[in-house]
Amino acid sequence: MSDLSTLLDELKKAADSVKTDIKTLDEQIHALNGERESLMNSPVSREDFAAYVRADLAKRGELFQYRIKQFADHTGRGNAKLNSSFVALDRVFQGGRLQNFPFMNGEDCFDGFAPSADAFFFYFGDLIAERFMAALDVVHDWPQGGIPVADLRKRIAEIDHELDTLMTRRDELASQLLSVGIAG
């Protein structure tokens with residue numbers, strides 16, 4: 001066999017070895033993507049679902065908390081401004097009128113009941129969560145033995161790190177093949 005034939009044979013064997021390594025990496029990447037997808041689509045436990053419900057309700061009530069701060073700081077849009085002096089409070093109380101407290105919207109005092117949605121969630125979020133979950137319990141069978149959300153997040157982050165490492169290695173190998181003029 002000539003030196004050129006020997007060299008080409010060795011090049012072919014090396015290229016086949018790299019292609020085999022790429023195929024192995026592709027299989028590992030495929031398996032990890034399958035695991036990741038399965039984890040992403042797995043149902044959460046009742047406890048974790050309830051935590052999402054409570055967090056959502058808290059987020060919905062955040063604007064009202066901010067409006068109360070504006071009431072206290074005198075920076076809000078409405079006519080209600082915090083005045084905690086005795087004379088101001090007692091004059092209204094002794095006069096039998098309503099205080100100018102923005103109980104329901106954080107900005108204005110109403111004689112009637114006109115709550116903003118964020119005030120509603122702020123005041124009643126815990127009760128809404130409790131009642132909502134109780135209603136779901138009647139109509140939904142919660143999965144047993146699921147993976148806690150914290151563990152799901154951790155494992156998905158591990159998979160993402162592994163995928164990054166495998167993809168980088170795969171790209172390096174493919175680039176090496178292309179750099180010597182060997183495709184696919």
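**Aromatic pairs and the surroundings of Arg67**

Me: In this predicted model, is Phe49 buried, partly exposed or exposed?
Reply: Residues count as buried under 20% relative accessible area and as exposed over 50%, with partly exposed in between. The relative accessibility of Phe49 in the predicted model is 28%. Because that value falls between the two cut-offs, Phe49 counts as partly exposed.

Me: How many aromatic pairs are there, and what class does the pair of Phe49 and Trp142 belong to?
Reply: The count by the ring-pairing rule comes to 8 aromatic pairs. In the pair made by Phe49 and Trp142, the centres lie 5.1 Å apart and the planes stand at 50° to each other. Planes under 30 degrees apart would count as stacked and those over 60 as edge-to-face, and so this pair is classed as tilted.

Me: How many residues apart are Phe49 and Trp142?
Reply: Phe49 belongs to helix α2, which covers residues 46-73, whereas Trp142 sits in the loop between α4 (117-139) and α5 (149-179). The pair therefore links distant parts of the chain, and the separation is 93 residues.

Me: Is Trp142 buried or exposed?
Reply: Its relative accessibility is 16%, and the cut-off for burial is under 20%. Because 16% satisfies that cut-off, Trp142 counts as buried.

Me: What class of pair do Phe122 and Tyr123 form?
Reply: Phe122 has its place in helix α4 and counts as partly exposed at 36% relative accessibility, while Tyr123 is likewise partly exposed, at 37%. Their ring centres are 5.4 Å apart and their planes meet at 75°. Since planes over 60 degrees apart meet the criterion, the pair is edge-to-face.

Me: Which residue lies over the face of Phe121?
Reply: Phe121 is a member of one aromatic cluster, together with Phe64, Phe120, Phe122, Tyr123 and Phe124. A charged side chain lies over the face of the Phe121 ring, at 5.4 Å from the ring centre, and it belongs to Arg60.

Me: What is the area of the nonpolar surface patch that includes Phe122?
Reply: Phe122, at 36% relative accessibility, is partly exposed. The patch is made by Phe122 with Phe103, Phe120, Tyr123, Phe124 and Leu127. Its area is about 570 Å².

Me: Which residues does Arg67 contact, leaving aside its neighbours within four places in sequence?
Reply: Arg67 has its place in helix α2 and, with 14% relative accessibility, counts as buried. With those sequence neighbours left aside, the residues in contact with Arg67 are Arg77, Asn105, Gly106, Glu107, Ser116 and Asp118.

Terms used. Residues numbered from 1 in each chain as written. Predicted model: local features only at pLDDT ≥ 70, side-chain atom pairs only at ≥ 80, totals over all residues. Heavy atoms only, no water. Phe/Tyr/Trp six-rings, centres within 6.5 Å; stacked < 30°, edge-to-face > 60°. Helix = DSSP H or I, 4+ residues; strand = E, 2+ residues; numbered from the N terminus. Buried < 20%, exposed > 50% of the residue type's maximum accessible area, 1.4 Å probe, protein only. Lys NZ or Arg CZ within 6 Å of the ring centre and 35° of its normal. Patch = residues over 30% accessible without salt bridge, like charges linked within 9 Å, V, L, I, M, F, W, Y side chains within 5 Å. Areas by Shrake-Rupley, 256 points an atom, 1.4 Å probe, with all protein chains shown as cover. Salt bridge = Lys/Arg side-chain N within 4 Å of Asp/Glu carboxyl O. Contact = heavy atoms within 4.5 Å.
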